[in-house]
Each structure stands twice: as C-alpha cells, then as structure tokens.
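Trainee: I would like to go through this structure term by term, asking why each label applies.
Mentor: Go ahead.

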Amino acid sequence: MKPKRHPDTLISLSIIRTRPETDPRSAISSLALFTVHRRALFDVAFQLEHHFFDPDDDAADILERAARSIPADSTVLIRQAHQAPANRTGAPSDAVFLARALETNTVIAFDADEHELAEAGMLIGLDMPGRGSTPLRWRRRAPLHAQAMWVIYAASFCSAEEQRALFSAHLAWCALQRAKLGVGAG
C-alpha cells in the first residue's frame, strides 16, 4: 500500500478576476476557499467559503485577508495566471503574492485552463459553467474551480484507492450540502 499522499489540511484557493490578471484594470470579483481536513487515513471533512468583492476593493487587501485565514503548515493550491509574470504596474501575480504571504505553508501554484477545470469538476459530478453560461453563473464559478483544482491535485498525487475514498467522501458531502439547502428535494 502506498503511503498517504493527501496532506492533513489542504486548501484550494480560486480567485476570479474581472479581466486577465496582467491587466492593470483587473479586479478580484470573487474568491473561494475549499478546505479538505484529513481526520483519518480515508476520512476527510470539507468546508467551502465563497466571497464576492466590489471592483474598487483593493486586491492586495483581499489577498492578505485570505492568507490570514489559512492555517499555518497547510498545503495551499493556487491557480496561477497563464504565463503571467508581474503586471504592468509591477505588482506580483496573485500566486506570487500569496506564496510570499504563506511562507510557512506548502504552496502549489499550477496552470489549468477553463477546459481542464471543467473536465476535473465533471469527474466528481460538478455542474461546471461554460463560457455560454449566464453572467451570474459564470461569476459564481470560484467554488467549483476550487473543488476542481483539488480533483487535479488528488488525481496527480493520491493512490487510486485514496482517490476513490476522497471522491466518495466528496460525493456524500455534496449530497449533504444539497439537502441542507433543499436543492433537488421534490
């Protein structure tokens, strides 16, 4: 049996911007933190936070608050902008900013496009929005992206047995979330 690969605490952080991150007019419109806590070898708990922001909210303040909410020594997944070094104002990318702010954490920044995230989300039954979705649904994609990023991580670093257990636990958690909200009930 392979040793466990999933960290005790993993936080997948999805940041949605109004424009490409390299555009100086870009603002953070929403942010989601999807947390996976390992309680035992194949027993995990999930938590999801989703926040919306106004276009005039300062991105650095938003990222600093997000960094402060992340427990020390946890593993953090961040989607980095596609081949995006510092923007024209000289500010670091979101991934670089957070990596600096989370110096006691293991930060994994990776590049995944909308198509890759959609495929990963569909692996665990998430109804991922596409470019043709309504503007409201498109704006609310951060929680789905955060979960899809976790799927990519688990598929890359966890054994097949652990993946089955993690994804089954996620499926049960999703059912509980829908039941709490009364979604799909008659």
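Trainee: How do you know that helix 6 reaches close to its expected span?
Mentor: Helix 6 covers residues 160-181, which is 22 residues, and spans 31 Å from its first C-alpha to its last, against an expected 32 Å at 1.5 Å a residue. The expected span is 1.5 Å times one less than the number of residues. Helices are DSSP runs of H or I with at least four residues, strands are runs of E with at least two, and both are numbered from the N terminus.

Trainee: What kind of model is this, and which conventions apply?
Mentor: The model is predicted: local features need pLDDT of at least 70, side-chain atom pairs count only at pLDDT 80 or more, and totals for chains, interfaces and linings use all residues. Residues are numbered from 1 along each chain as its sequence is written, and side-chain values use heavy atoms, with hydrogens and water left out.

Trainee: What makes the buried residues of helix 6 line one face?
Mentor: The buried residues are Glu162, Gln163, Leu166, Phe167, Ala169, His170, Trp173 and Cys174. Seen down the helix axis they fall within an arc of 160°, so they line one face; the arc is taken from the directions between the helix axis and the C-beta atoms. Arg164, Leu171, Leu176 and Ala179, on the other side, are exposed. Buried means under 20% relative accessible area, exposed over 50%, and partly exposed in between, with a 1.4 Å probe and protein chains only.

Trainee: What do the buried residues of helix 6 pack against?
Mentor: They pack against strand 2 (28-40), strand 3 (43-52) and helix 5 (142-157), where contact means heavy atoms within 4.5 Å.

Trainee: Why is the pair Arg17 and Asp94 called a salt bridge?
Mentor: A salt bridge needs a side-chain nitrogen of Lys or Arg within 4 Å of a carboxyl oxygen of Asp or Glu. The N to O distance for Arg17 and Asp94 is 2.9 Å, so the pair qualifies. Arg17 lies in strand 1 (residues 9-17) and Asp94 in helix 2 (residues 94-101), so the bridge ties together parts 77 residues apart in sequence.

Trainee: Are Arg17 and Asp94 buried or exposed?
Mentor: Arg17 has 18% relative accessibility and counts as buried. Asp94, at 5%, is buried too.

Trainee: Which accessibility class does each residue of the Arg39 and Asp43 salt bridge fall in?
Mentor: Arg39 is exposed at 55%, whereas Asp43 is partly exposed at 33%. The closest N and O atoms of this pair are 3.0 Å apart. In total the structure holds six salt bridges, and Arg79, Glu114 and Arg141 are linked in a network of them.

Trainee: What makes strand 3 and strand 5 edge strands?
Mentor: Five strands form an open sheet in the order 3-2-1-4-5, with mixed pairing. Strand 3 and strand 5 (106-110) each have a single partner strand, so one side of each is left without a neighbour in the sheet.

Trainee: How do you know that strand 1 and strand 2 pair?
Mentor: Pairing requires at least two bridges found by DSSP. Nine bridges join these antiparallel strands, so they qualify. Leu10, for instance, has Val36 in strand 2 as its bridge partner.
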